[in-house]
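Here are some exercises to work through with the structure in view. Try each task yourself before you read its solution.

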Amino acid sequence: MANLLSILSGAQTSLAAQRALTATASHNINNANTPGYARQTAVLTTLTPAEQVSGAFIGRGATLDTVTQARNRFLEAQIPQALGNAAYNTAESDALQAYHGLDPEATGGLGSAISGFYASLTSLAQNPSDAGLRTSFLGAARTLARTFNRTSGEIESARSGLDAQANGLTTQINSEAKAVAELNVQIRQARGTGAEPNDLLDLRQTHLDKLAELAGASFVPTSDGDVNVTLPGGVALVAGSHSGTLSTTADGQIPTHLDITFTQPDGSKLGILPGTAFGGTLGGTLSARDGALLTSGQRVDQLAYDLANAINGVHSAGAGLDGLSGRLLFAGLGATASGAAAGVTVAISDPAQLGMAGAPTPPATVAPGDASNAQFLLGTESAALPGGKDVRSTVSDIVSQFGSSSATAKAFADQDGALKDNLTRMRDSYSGVSIDEEMITMQQAQRGYEAIAKVIQTTDQMMQTLLSIKT
Amino acid sequence: MRVTDRLIFSTATLETGRAREAAEQAQEVVSRGTRIQHPSDDPAASGMIIAFNMSSDRFAAISSSAAAASDELSATDNALDGIGNALSRARELAVQFSNSTYSQAQRAGGAEEVAGLLGQVVSNLNTRFGNRYVFGGTKDGAPPFDPTPGPTFGNYLGDSAARNVEIAPGMLQQSNVLVGSMSTDSADPNSVLKTVQALQAALQANDPVAVQATLDGLDAGINQVSTTRSQVGASMNAFDTAISAARTASGDDKVRASKQGDVDLIESSIQLQATQTALQASLAATAQSCKLSLLDYLR
């Protein structure tokens, strides 16, 4: 016959199991909005061994077996890559979208400055002795030079802004990598107790997701429960309980930008990492800085260099009103195109020195109305630059190419963003907390608790009945 | 699919965000009137818009300088008209005073008038348009026909250079006429100014035969003025055609740029309406789905 005290003991354990059920539901509800949280389920099991009475087994109640987490490893394995790709393309796209120096409809752009230069030259070629037109053309030449300066400056400014962003990102990545290394240690210690540290695993997963998003990192779980983190270039960012450190340093170029150096988890210096060593937001930021923006800047430099040299070549053959020839219209150009757009200036300050006339053969002097060289200068508008295209097509190409790079980054960002959203939603669907479900679980636990309380009450009454037999 | 609270809220955030972004973009397109805010919106069209706008500006500049050249030629034509009138009057006087019935005093009076006509011709030859003497070739800065009384009066101080102005990219049209041969120092013994001077001298000398001898020169001068005016007319026609062609080309390029970048207002207004309706629906659906919870039914 079953012992009344053992019924009470079983009820006590079962009450605790129902409390665990409620506590887990409560924990789930509390963390319904916690990023990276995977819902937990308290698994109850029958308490064994059962009591054998008269050849039959009588159960001893229920107890908490374990608390599991709802995690879909298949989905979760895809998420870091999706997070990294989406962050990479979004960062690149956002950086390129933020640069408006090459907008086709913007006033004061390269196209309108070049048009303005040739429009002024056309007017001056019609009447080269008009002082007003000479001054106006000189103004248009200055506007052209300043527009090159400004366009180049804006591109460099955008690139410097990305340097600042990259610098901030390296700090964030270091902090996340350190957190993963520390959690590796804590998880190993917690597992030593024999239980699964679900919440620590969630926390580590959150940091890993962040690292995937920031640096495009990938993860390799080890047999002892650690997760090692690797950057896309194959460099280990976290190895067990140690994390590497990213830092930035000036690249020594002009204009100056930042290089990213790396100290490995074992403390050895790896030196400068190329931009391709990173994915995620940092990779996208570096790709925008050293990709489309750099290329556009170089092409603007090349255009400034080629156009200014073409104009200088013709201009120096012409003579000013003082009869002197050999003057350059544009200065500030070096031996190569590098930095040409930033450095180009107008060399002439006196409109009378503009070489609009053909160079006279002494003792002949310059006729003020001679526009023969102005006509040659007009020819530079449609002449092919060393790149093979005329100035108009070159500007058009620069804008189209930048637009194309931005559009590609935007399309990839949208596509990868959609994939990331889809995977994240699927993870939310699988691992997320449903308040309705948890409420039902709590109701279920409450009912169980009430029923067990009734068992205790009944058992108590039975014991009282038993005890009252003697008195 | 298992629906969790985070799924409901993240879907709501995502979908309403997308709907709002689409509505925002549609509104920006309508309010700006252009569908290209950034080269990435349409890379090929962005390049073409710049090229078309540059081409349009170039043609507009050609049209404007051709108009200036045409105006200058118009002033040149007026000057030649004045010279032609003066020469016609000189011819009338030459015919009149070649008749032997006129007295010396009458011829002296005629000589006075011819002196005035000579001054008028030189003044016309020194016509200035803006900063430039239209008959001086490229020597814009000084009167091309010496107005100083004396032995050098009427000498040509200009040059024989043609001034050319663009009528299309790379195509030039002469915008001046060269009349140095009308000067007093011309190699032509019957140059206009020499002939008028000879007429004046003949009238002062009361020499009807010499007066009559100037008639051929005067006829030749009138013909030269007429021929020159024809050249001016032809050039003006060329410039007027160029102005018209360049304006059309400039306008066409603007239209092409506009076609690439400007929005179809009807289409974009409909798009705006559609995106705003979608946003409303998305917000309403979100509000509705967030309302339903078991919490409302459990006591």
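**Exercise 1. Work out how many residues each chain gives to the contact between chain A and chain B, and which elements of chain A take part.**

Step 1. Chain A gives 56 residues and chain B gives 56 residues; two residues are in contact if their C-beta atoms, placed from the backbone, lie within 7 Å.

Step 2. On the chain A side, the elements that give two or more residues are α2 (73-97), α3 (110-126), α9 (372-382), α10 (391-431) and α11 (435-468) of chain A. Helices (H or I, at least four residues) and strands (E, at least two) are DSSP runs, numbered from the N terminus.

Step 3. The largest share of this side comes from α10(A), with 19 residues.

Step 4. Sorted by class, the side of chain A that touches chain B holds 20 nonpolar, 24 polar and 12 charged residues. Here Ala, Val, Leu, Ile, Met, Phe, Trp, Tyr, Cys and Pro count as nonpolar, Asp, Glu, Lys and Arg as charged, and the others, Gly among them, as polar.

A note before you go on: this is a predicted model, in which local features need pLDDT of at least 70 and side-chain atom pairs count only at pLDDT 80 or more, while totals for chains, interfaces and linings use all residues. Residues are numbered from 1 along each chain as its sequence is written, and chains are lettered from A and ligands numbered from 1 in the order in which they are written.

**Exercise 2. Find the order of the four strands in the open sheet of chain A, and explain why β5 and β8 each have one side without a neighbour.**

Step 1. The order is β5-β6-β7-β8 (chain A), with antiparallel pairing; two strands pair if DSSP finds at least two bridges between them.

Step 2. β5 (218-221) and β8 (242-243) of chain A stand at the edges with a single partner strand each, so one side of each has no neighbour in the sheet.

Step 3. Look at one pair: β5(A) and β6 (residues 227-230) of chain A are joined by four bridges in the antiparallel sense. In this pair, A:Ser218 stands opposite A:Thr230 in β6(A).

**Exercise 3. Locate the domains of each chain and state how far apart their centres lie.**

Step 1. Domain bounds come from an automatic or database domain assignment. For chain A they give domain 1 (4-70 + 432-468) and domain 2 (174-293), with C-alpha centres 43 Å apart.

Step 2. Chain B has domain 1 (5-35 + 264-296) and domain 2 (58-257), and 75 Å separate their centres, taken over C-alpha atoms.
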